[in-house]
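Here is a short briefing for a first look at this structure. Keep the sequence and the 3D view at hand while reading.

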Amino acid sequence: MDRFIIEGPTRLEGDVEIGGAKNAVLPLMAAALLTRGESVIENVPDLQDVRSFSLLLETLGATCRREDHVLTIDTRGVTASEAPYELVRKMRASIYVLGPLLAAHGAARVSLPGGCAWGPRPVNLHLEGLAALGAELALDQGYIEATSTKRLRGGRFRFEPSSVGATANVLMAAVLAAGESDLENCACEPEISQLATALVEAGARIDGIGTPQMHVRGVDSLDPIHHRAMADRIEAGTFLTAVAVAGGHVRIRRCEPDHLEAIVSVLQAMGCEIDTAGDTLTIEVDRRLQPVEVVTRSYPGFPTDMQAQVMAACAVADGTSFVTETIYLDRFTHVAELRRFGADLRLDGSTAIVFGTEQLQGAPVMATDLRASAALVLAGIAAEGTTQVNRVYHIDRGYERIETKLQALGARIHREQY
Ligand code: UD1
């Protein structure tokens with residue numbers, strides 16, 4: 001296994017380029033299954049989750065080829081319809097193949113994803129939404145078995161609560177269903193708008209993209225997907241927050257500032273100076289952060305995927321901050337690890353009360369999930385002394401070469417095997 005060794009504290013200075021968004025690429029890869037032929041996705045980050053999803057598509061009979069950051073998926077050989085436990089257990093987003101396989105091939109067998117480090121992760125809305133389109137669903141030995149004897153038909157479904165994954169899955173099924181579908185309380189995350197736009201470019205008919213109500217008129221077939229993935233708003237937010245925690249002056253290039261408004265406004269409230277020019281955000285932090293109140297919400301609210309990182313910033317602020325999680329109520333595995341740096345924080349239900357400490361101290365810590373790991377890396381850069389972040393395979397699922405990008409900004413971080 002790999003771990004990061006970090007020597008701190010260091011200020012961050014320089015430029016960093018943001019890569020394509022994992023959470024935009026995975027549904028686009030699944031959407032390739034709705035088509036026969038060669039789909040091409042550009043700006044694909046080199047990440048473990050993308051490799052795992054490629055393996056899943058290959059298990060189904062597709063061929064995936066990657067050159068630089070361009071991924072070509074040839075679906076002409078797809079015959080199988082089973083997503084095995086071994087792959088789904090490593091990556092919950094494997095559930096994305098359910099809707100497309102069902103819509104394009106009339107059957108899908110997908111291992112039921114389990115919970116994860118931050119609690120139960122239900123898929124009821126994925127299943128109920130597909131049932132509303134006429135799918136027959138059963139559970140068999142830990143697998144979801146979905147069939148549709150005839151073509152799926154249009155239907156009406158309301159997502160409650162709003163779900164990114166279920167919206168993607170049901171939307172992908174609805175575009176090939178016979179008739180019209182009304183999808184209500186859809187997720188408005190940019191990754192969903194991007195999926196819908198890519199489907200429209202391939203011939204789908206979808207109204208209401210980017211709003212909670214999408215209306216879909218089913219079509220008989222789609223052309224292959226050709227799309228460039230958007231910049232990763234969580235990677236950009238993580239680098240912004242790294243500068244907030246460690247101090248410094250950094251240009252975050254090739255990002256989409258429109259997608260980062262909630263994150264930018266929280267960091268500005270903490271005293272960071274942030275300017276926007278085209279696809280570049282410049283952040284400057286040269287004094288101690290102010291405390292803040294943050295509540296996670298679905299887009300355009302503050303993302304749950306940035307909650308751990310902003311908590312690392314609160315840990316060094318000059319006062320008491322409150323960080324409330326409303327999407328995944330148990331997503332707090334980083335709290336105990338942050339305490340190992342000397343951070344002073346306690347949990348009250350789904351709110352972390354963070355009493356800012358002037359200087360964190362380096363410590364051996366363990367990554368427990370993707371974004372929690374990022375928070376530990378940020379704390380390590382700001383902490384005095386040596387930090388060891390163990391189990392960085394979590395971070396490799398979602399950040400391409402994070403240590404190289406941080407080194408270029410002056411952080412003293414390296415990877416070693418143990
Ligand atoms: C996606 C993101 C993940 C992010 C999350 C919330 C990907 C691959 N992952 O995950 O990084 O943290 O959005 O922004 O894009 N829910 C149900 N029933 C369901 C599905 C979800 O009750 O069938 C609930 C969940 O428990 C949660 C809420 O809906 O409380 C939102 O979850 P959802 O948007 O579905 O998250 P994911 O798509 O799994």
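**First look**

In β24, the residue that bridges to Ile6 is Ile413. That pair belongs to an antiparallel pairing of β1 with strand β24 (residues 412–417), built from six bridges. The model is a predicted one. The points below start with β1, then turn to a second sheet, the ligand and some backbone details.

**Strand β1 and its partners**

- Strand β1 covers residues 2–8, and five of its seven residues are buried, so the rest of the structure largely encloses it.
- Strand β23 (residues 385–390) also pairs with β1. The sense is antiparallel, and there are six bridges.
- Within β23, Asn390 is the bridge partner of Arg3.

**A four-stranded open sheet**

- An open sheet of four strands runs in the order β6-β7-β9-β8, with mixed pairing.
- Its edges are β6 (82–83) and β8 (136–140), each of which pairs on one side only.
- β8 and strand β9 (residues 143–147) run antiparallel and are joined by five bridges.
- Across this pairing, Thr147 in β9 stands opposite Glu136.
- The loop between β8 and β9 holds Gln141, a residue taken up again under backbone details.

**The ligand and its surroundings**

- The ligand has 18 residues around it. Those that come nearest are Asn124, Ser163, Val164, Asp305 and Ile327.
- By type, the shell around the ligand consists of eight nonpolar, seven polar and three charged residues.
- Two helices, α5 (124–132) and α6 (164–174), each give the shell at least two residues.
- Which helix supplies the largest share of the shell? The answer is α5, with three residues.
- Both domain 1 (2–19 + 232–417) and domain 2 (22–228) contribute to the shell, with at least three residues from each.
- Tyr328 places a polar side-chain atom 2.8 Å from an oxygen atom of the ligand.
- Gly165 uses its backbone instead: a polar atom there is 2.8 Å from a ligand oxygen atom.
- For Arg331, an N or O atom of the side chain is 3.4 Å from an oxygen atom of the ligand.
- On its own, the ligand would expose 740 Å², of which the protein buries 82%.

**Backbone details**

- Most peptide bonds are trans, and most residues other than glycine have a negative phi. The cases below depart from that pattern.
- Gly8 and Pro9 are joined by a cis peptide bond, with omega about -5°. Pro9 sits in the loop between β1 and β2 (12–17).
- A cis peptide bond also links Glu160 to Pro161, with omega about 5°. Pro161 is in the loop between β10 (156–158) and α6.
- Gln141 is not a glycine, yet its phi is positive, near 45°.
- Is Gln141 buried or exposed? Its relative accessible area is 73%, so Gln141 counts as exposed, the cut-off being over 50%.
- Asn185 also has a positive phi, near 55°. This residue lies in the loop between β11 (180–184) and α7 (190–201).
- Asn185 counts as buried because its relative accessibility is 19%, and buried means under 20%.

Technical notes
Residues numbered from 1 in each chain as written. Predicted model: local features only at pLDDT ≥ 70, side-chain atom pairs only at ≥ 80, totals over all residues. Heavy atoms only, no water. Near = heavy atom within 4 Å. Polar contact = N/O pair within 3.5 Å; in protein donor to acceptor, adjacent residues only side chain to side chain. Areas by Shrake-Rupley, 256 points an atom, 1.4 Å probe, with all protein chains shown as cover. Nonpolar A, V, L, I, M, F, W, Y, C, P; charged D, E, K, R; others polar. Domains from an automatic or database assignment. Buried < 20%, exposed > 50% of the residue type's maximum accessible area, 1.4 Å probe, protein only. Pairing = 2+ DSSP bridges.
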